[in-house]
Structures are given as C-alpha cells and as structure tokens.
Amino acid sequence: MEAVTRASLVSASFVRLADALVGDYDVVDLMHSLVEESIRLLDASAAGLLLADLNGELQVLASTSEESHLVEVLQQRAGAGPCVDAYISGTVVTISDIATDGGHYPVFQAAALSQGFLSVHAIPMRLRPRTIGALNLFRTTVGELTEEDAAIGQALADVATIGILHERAVRESAIVNEQLQRALNSRVLIEQAKGVIAQSSSVDMNEAFNRLRSHARAHHEPLHLTAENVINRVLAL
Amino acid sequence: MAQWDFSAVGRDGKGLCSEFVDALPVTGAAVSVFGASVPETAICASDSLAARLDELQFDLGEGPRWVAAKSGAPVLVPDTRQGAFELWPVFATELRATTAQALFVFPLTIGALAVGVVELYRSTPGELTANDHSIATVLANKTAWNLIDQLLRMNAAAQAGALDEHSPPDTSPLSRREIHQATGMILVQANTTATNALLLLRAHAFSKGQTLRDVASDVVSRRLDFTSHPE
C-alpha cells in the first residue's frame, strides 16, 4: 500500500514539474518548485540548488528557505563542503553522519549541525562532459538515502538541468553559458526586489520572497518580471 | 551623486576589450561605464575608431550606446549605411563617415544594476549569428561581473588611490546576496535607482573604513538606514 502511495507521489511530482516546463516558464520559480518537491519526496528537511557562475563559484539559485543560514550551509568554497565537491567531482557526495564523518569540512560541519542537519546528499547536475551545479538535500536524521531515493534525487537533478538549459541550448556551449548566466542574473534581480519589498513593507526576506512569488503566480507572470516591476517601483508588494 | 570610480580598473582594461575582438567577428570593441566623470568613462578600446565611436556618442549625447543604456537591451545595427536611425540622426551621419559598417551595442547589467555598455564595430556589414549573439551576451555579462567585482573589492585603502593587495578578495557569494538585498533596501530608503543605491553603499563603506559586506549586513539587519530626508 505504502509503495503505491510513494509511486503516485513521485509521479505526481514529476508531472507537476513537467507541466511547469512547458512554454514560457521562469527558471528561478521552477527551481523553487523543484527544491520543494525534492524535500517532500525524499524526506529531507531542506534542499538547495546551486549553479556555477563564470568563475566556477557556486551560487544558490533556489533553496527551500530564503534564510541566510541555509544559504551559508550551502555555499562553501572549493574543497570546503560536499555541495562544491559534488560539483567539482561530478559525482554524488554523501555524508551519512555529519557529526562523526564531516570533520574534513569543519566550517560546513559546524554550520550544518547548528541548523540540525545530520546528513547530506549532494547530487551533481550533469550535462554530458561538464557539471553545471548541484542539488543538495539535508536531513535531520543520520543515514544514507535508499537506492530508490538516490535515483529519485538524480532524476530531480536531471530535471533541474533540463529546466535551466532549454533543450535547444544544449548543442551550443555559448548558449549554455548564456542560459546559466540568465538564471543567475534572474536570482540577483530577485534579491534586489526582496530588498525593496523588505524595506517598503517592513517584512523579512523570506516574506518578501513569498510575496514576490505569490504575485507572480497569481498574475501568471514570470518571477523575474515581477521582480523587475518591484525594483522599478511600478508594483508595490 | 555618487560616481563609479574605475580608475584602478583601467590598468588592465585593454584585456577586457580584446576578449570581445578575439571571440567575435568584429573589428573593434570599446567598453565604457555609466555615471563616471568623463576621463574615467572609457574602460578600454581595442583601437582608435572604437574609442572614437564611444567618445562621439558621449559628446553628442545620442547614439545606440544611450538607447542600449536606457532600454537595457542590445542595439544591433548590421548595416550602418542603411536605414534612418531616427533616434540618433547626428551620430548616424558621423558614423557613416567612418569605416564602421556594422555596430552592435550590448548593455552591461547585473540584475537591475546598469554598469555600462560594450560597443562592437565591424568594417563589413552583416548580422551577428545567434551563436555570436550568445557569445557577446555572455562576455558582456562577464564584463559586468568583473567590473562590479573590482568595484566591490576596492576597500577603504582604494580611496588613497591604490588597491589593497593584501586583503583577500571578497568573493563570498553570500555577501553578494546580502549586497543585492541591501541595494534593494537602499533604493527605497534613498528613493533612487539600484545603481545609485549600490554606490551609496560603497561610499558609506569607504567613509567608515568598513567592508561593503559589513555595511550590507548592517542595512539588511536594519542597523543602518539611508533614508535621505528623515521626518
């Protein structure tokens, strides 16, 4: 019985994501849906999706919380965390018990434990020879992901790659770079818009993001356009 | 108004322009920034015509440079000898007197930050291919990030005219995120544009001898406010 429920949950998630991939979608918005689906499906308590910028530095494109402490856990420099190592190696990096096995990433270890994260699973987002980023799942329990969960996680990371790089783009590396940058720029615009909302409506960054996203959803407009209107003060949220 | 100060960027500015010329089927390139005083506005030019085309538009106050700056979108002129160019009639006449037969202007932007433009010219007419367009967009983006990065890394010591070579480059993406959020907050507080808001942030960091990242964090946590006319 449980298996049936699980399978239907998984397929419903992927149908929702596939549905969002049709037509003129907003990349950051889609990636937020994806990290949300990933914690729902994989029994994780937080997730974040990182994309490499032109300098090969990872930037958070979407995370299940806009709070800066999650961003901090996610964003470590080369060699300093599982997310960046998954990206650099192009392979899955799992730490099933951060408290005992995370010692070689001391800064990451402390940051993760302070948030109550006990295990992490970092999945590279691969595009043939290169890796464009990583999907990271944090859990408040120790242990490995089951084989099935790992496969679902990889499928989610693949959907993310497809969502960021439109199919036609994949053939030309210049266009791949352009799509990556567009996604990261869109994130900058959203951060700026969050600041505008936080200031003009006296709310925190999380609430600012929620307002931005709710408005985009309700008006069927891409998130980056809503953000642009907020920054240009055409729209108050 | 606060201004960009790219005096320290100019040192290796030439490389910035040659990247465009190397990667694209164009004859010359010039990168210039907004808001700077006239001598600092040109970051680089790969040859004298590229420099002259930028300068001309600056002097005339019209041209595709300004159209791209205003719209935030590229302005593509595949054939300078054809068409009316109603938005910049004087510059069009001057342009036709040169050997430039195609001109492509790409804005340098990061989110809502307008940094400047890159102007590419070619001595033969013709469109950019889709792939070239992508390459130009990517390079323009990279240039914008580089310029902002250099701007953000100049700390208080830069005020004395030198980059502090000893301080580690402030490359933490987290700090960037807070800088962008602070930019959004300041643009409301000071009722200005995103670009000016960032300049205010930077000016404050300079005057207090703080890092940009610390000032941004003060703004986001509401310990610092740039409201221009308190009640």
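**Group meeting: a predicted two-chain model**

Good morning. In chain B, among contacts with a separation of 6 or more, 63% join residues that are 24 or more positions apart. I should say at once that the structure under discussion is a predicted model.

Let me stay with chain B for a moment. Its secondary structure consists of nine helices and five strands. Read from the N terminus, the order of elements is α-β-α-β-α-α-β-α-β-β-α-α-α-α. The chain has 231 residues, and 45% of them count as buried.

One helix of chain B deserves a closer look, namely α8, which covers residues 194–208. This helix has 15 residues, and the distance from its first C-alpha to its last is 21 Å, close to the 21 Å expected at 1.5 Å a residue. Which residues of α8(B) are buried? They are Ala194(B), Thr195(B), Ala197(B), Leu198(B), Leu199(B), Leu200(B), Leu201(B), Arg202(B) and Ala205(B). After α8(B) comes Gly209(B), with a positive phi near 65 degrees.

On the other side of this helix, the loop between α7 (173–189) and α8 of chain B holds Asn191(B). Asn191(B) is not a glycine, yet its phi is positive, at about 50 degrees. Asn191(B) counts as partly exposed because it has 14 C-beta neighbours inside 10 Å.

I turn now to chain A and its domains. Chain A is divided into domain 1, residues 2–164, and domain 2, residues 169–237. Their C-alpha centres are 21 Å apart. Contact between the two domains involves 16 residues of domain 1 and 16 residues of domain 2. On the domain 1 side, the elements that give two or more residues are α2 (27–42) and β2 (58–63) of chain A. Of the elements on that side, α2(A) gives the most, with four residues. By class, the domain 1 side that touches domain 2 has seven nonpolar, three polar and six charged residues.

Within domain 1, I would point to Ala18(A), which belongs to helix α1 (residues 2–20) of chain A. Ala18(A) and Val159(A) are 141 residues apart in sequence, while their C-alpha atoms are 8.4 Å apart in space. Is Ala18(A) buried or exposed? Ala18(A) is exposed, because 12 other C-beta atoms lie within 10 Å of its own, and a count of 12 or fewer is the criterion for exposed.

A contrasting pair is Gly103(A) and Ala198(A). These two residues are 95 residues apart along the chain, and 37 Å separates their C-alpha atoms. Gly103(A) sits in the loop between α5 (98–101) and α6 (106–114) of chain A. Gly103(A) is exposed because its count of other C-beta atoms within 10 Å is 9.

Next, the helix packing in chain A. Two packed helices are described by the angle between their axes and the distance between the axes. For α8(A) and α9(A), the latter covering residues 205–218, the angle is about 110 degrees and the axes are 8 Å apart. The two helices are therefore roughly perpendicular, since angles of 65 to 115 degrees fall in that class. From α8(A), the contact draws on Ile190(A), Ala193(A), Lys194(A), Ile197(A) and Ala198(A). From α9(A), the contact draws on Met205(A), Ala208(A), Phe209(A), Arg211(A) and Leu212(A). Sorted by class, this contact has eight nonpolar, no polar and two charged residues.

Beyond α9, in the loop between α9 and α10 (223–231) of chain A, we find His220(A). His220(A) has a positive phi, near 50 degrees, in a residue other than glycine. His220(A) is exposed because 7 other C-beta atoms lie within 10 Å.

Finally, the interface between the chains. How many residues of chain A are in contact with chain B? There are 27 of them, and they meet 25 residues of chain B. On the chain A side, α3 (68–74) and α8 (173–201) each supply at least two residues. The largest share comes from α8(A), with 17 residues. By class, the chain A side has 11 nonpolar, 10 polar and six charged residues.

To close, α8(A) appears in two of the contacts I have described. This helix packs with α9(A), and α8(A) also provides the largest share of the side of chain A that touches chain B. Thank you.

Technical notes: Residues numbered from 1 in each chain as written. Chains lettered and ligands numbered in written order. Predicted model: local features only at pLDDT ≥ 70, side-chain atom pairs only at ≥ 80, totals over all residues. Buried ≥ 20, exposed ≤ 12 C-beta atoms within 10 Å, placed from the backbone. Contact = placed C-beta atoms within 7 Å. Domains from an automatic or database assignment. Nonpolar A, V, L, I, M, F, W, Y, C, P; charged D, E, K, R; others polar. Expected span 1.5 Å × (residues − 1). Axes fitted to C-alpha atoms, helices over the stretch in contact; angles between N-to-C directions. Parallel < 35°, antiparallel > 145°, perpendicular 65-115°, else oblique.
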